[in-house]
Amino acid sequence: MSSKIVLDSSGNLHCFENVDFVSVPLKILAGDREFVDDEKNDVQEMVRFLGEYKGKTSTSCPGVGEFLDAFAEADNVYCVTITSNLSGSYNAAEVAARTYQEQHPERKVHVFDSLSTGGEMALLAEKIAELILKNTSFESIVEQVKAYQQKTRLLFSLESLHNLANNGRVPNAVAAIAGMLGIRLVGKASEVGTLQPIGKARGEKKLIPELMKHLSASGYCGGKVRIDHCSNPDAAGKLREAILEQFPGADIRIGENGALCSFYAEKGGLLIGFEIA
Ligand code: X90
């Protein structure tokens, strides 16, 4: 029985140890230029280009065919997508899942709607991988991952919500808060997979205590943390130190946002996936 994990690229993962893994790219569009969110894309160069680009920019989710290609040949497929409330990725993956099973009735696919993105998707993928390596059955993996999803959360900090507002992913009133110079908007992925503002911090110094406050309020007690930043290793590192001070030995990983998350989280942005008790 072969097993495969398929994530769309908003999970910010390109490869995975010991388990068959595919990342299906979303795309960023700016006039004639298209940035494919895969490991060949230079995120820094994209951000520089978009910073100077005056035209309209947008994003697109993978199509059904791209998910089908990613599923190819695997007996058991576990697919995790960005929240269905902000993207068509989940729907495309669901249609691909039905088509795949019609073509190969003996194969199995489950698509998890992360109701989130970034590091929270990475945590779900890690859980799936751990269960695959223990030879857990398909049905049991699906049940256990659904239960685990109740115990994972996503916090974020954004310095600009310009691209989110321009693409209709947040109301303009929310974007205006972060439009103020030096203000970081802190928010979380809501239960229905939308952006929910929960606080703000003026300057980076105040950001770390603000994030710590919301981590605790969400129920963080020393579990895994997956931080992805947009050109902001400093804030990510300081957050890790603050968490370790309170929870020595916590399993914390820092990574960089890929193209899709960098486009929306923008410069300085942090996405923080974590486990609660
Ligand atoms: O289908 C598409 O074109 C992709 C649209 C994605 C829109 C939202 C991306 C958000 C990326 C921003 C902060 C975290 C928000 C979490 C909300 C659940 C990151």
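Asp38 has a relative accessible area of 24%, so this residue counts as partly exposed. Buried means under 20% relative accessible area, exposed means over 50%, and partly exposed is in between (1.4 Å probe, protein chains only). You're looking at a predicted model, where local features need pLDDT of at least 70, side-chain atom pairs count only at pLDDT 80 or more, and totals for chains, interfaces and linings use all residues. Residues are numbered from 1 along each chain as its sequence is written, and side-chain values use heavy atoms, with hydrogens and water left out.

**Exercise 1. Place Asp38 and Leu115, and work out how many Å separate their C-alpha atoms.**

Step 1: Find Asp38 in the loop between strand E4 (33–36) and H1. Helices (H or I, at least four residues) and strands (E, at least two) are DSSP runs, numbered from the N terminus.

Step 2: Now go to Leu115, in the loop between strand E7 (108–113) and H4. Leu115 has a relative accessible area of 29%, so call this one partly exposed. Check its backbone too: phi is near 55 degrees, a positive value in a residue other than glycine.

Step 3: Put the two together. Asp38 and Leu115 sit 77 residues apart in sequence, and their C-alpha atoms are 22 Å apart in space.

**Exercise 2. Decide whether helix H4 is largely enclosed or not, and find what follows it.**

Step 1: Get the length. H4 covers residues 118–133, which is 16 residues.

Step 2: Compare the span. From first C-alpha to last, H4 reaches 23 Å, close to the expected 22 Å. The expected span is 1.5 Å times one less than the number of residues.

Step 3: Look at the burial. Of the 16 residues in H4, 14 are buried, so the rest of the structure largely encloses this helix.

Step 4: Move past the end. Asn135 follows H4, in the loop that leads to helix H5 (138–149). Asn135 isn't a glycine, yet its phi is positive, at about 60 degrees. With 71% relative accessibility, Asn135 counts as exposed.

**Exercise 3. Sort Ser89, Gln44, Glu245 and Ala265 into buried, partly exposed or exposed.**

Step 1: Ser89 belongs to helix H3 (residues 89–103). Its relative accessibility is 0%, so Ser89 is buried. Its side chain also makes a polar contact with the side chain of Asp8, at 2.7 Å. A polar contact is a pair of N or O atoms within 3.5 Å; within protein, one must be able to donate a hydrogen and the other to accept it, and residues adjacent in sequence count only if both atoms are side-chain atoms.

Step 2: Gln44 is part of helix H1 (residues 43–52). At 38% relative accessible area, Gln44 is partly exposed. From Gln44 to Gly258 is 214 residues along the chain, but 9.8 Å between C-alpha atoms.

Step 3: Glu245 is in helix H9 (residues 233–246). It's exposed, with 72% relative accessibility. The C-alpha atoms of Glu245 and Met46 are 36 Å apart, with their positions 199 residues apart along the chain.

Step 4: Ala265 is in helix H10 (residues 259–265), and at 4% relative accessible area it is buried. Its C-alpha lies 8.0 Å from that of Glu159, a residue 106 positions away in sequence.

**Exercise 4. Describe the shell around the ligand, and explain why the ligand lies between two domains.**

Step 1: Count the shell. There are 18 residues around the ligand, and the closest are Thr59, Cys61, Leu86, Ser87 and Arg169. A residue is near a molecule if one of its heavy atoms lies within 4 Å of it.

Step 2: Sort by class. The shell has 10 nonpolar, seven polar and one charged residues. Ala, Val, Leu, Ile, Met, Phe, Trp, Tyr, Cys and Pro count as nonpolar, Asp, Glu, Lys and Arg as charged, and the others, Gly among them, as polar.

Step 3: Check the ligand's oxygen atoms. A polar side-chain atom of Thr59 is 2.5 Å from one of them, and an N or O atom in the side chain of Ser87 is 2.7 Å from an oxygen of the ligand. Ser60 uses a backbone N or O atom, 3.5 Å from a ligand oxygen.

Step 4: Find the strands. E5 (57–60) and E8 (152–158) each supply at least two shell residues.

Step 5: Finish with the domains, whose bounds come from an automatic or database domain assignment. Domain 1 (3–26 + 61–149) and domain 2 (152–275) both give residues to the shell, so the ligand lies between them.
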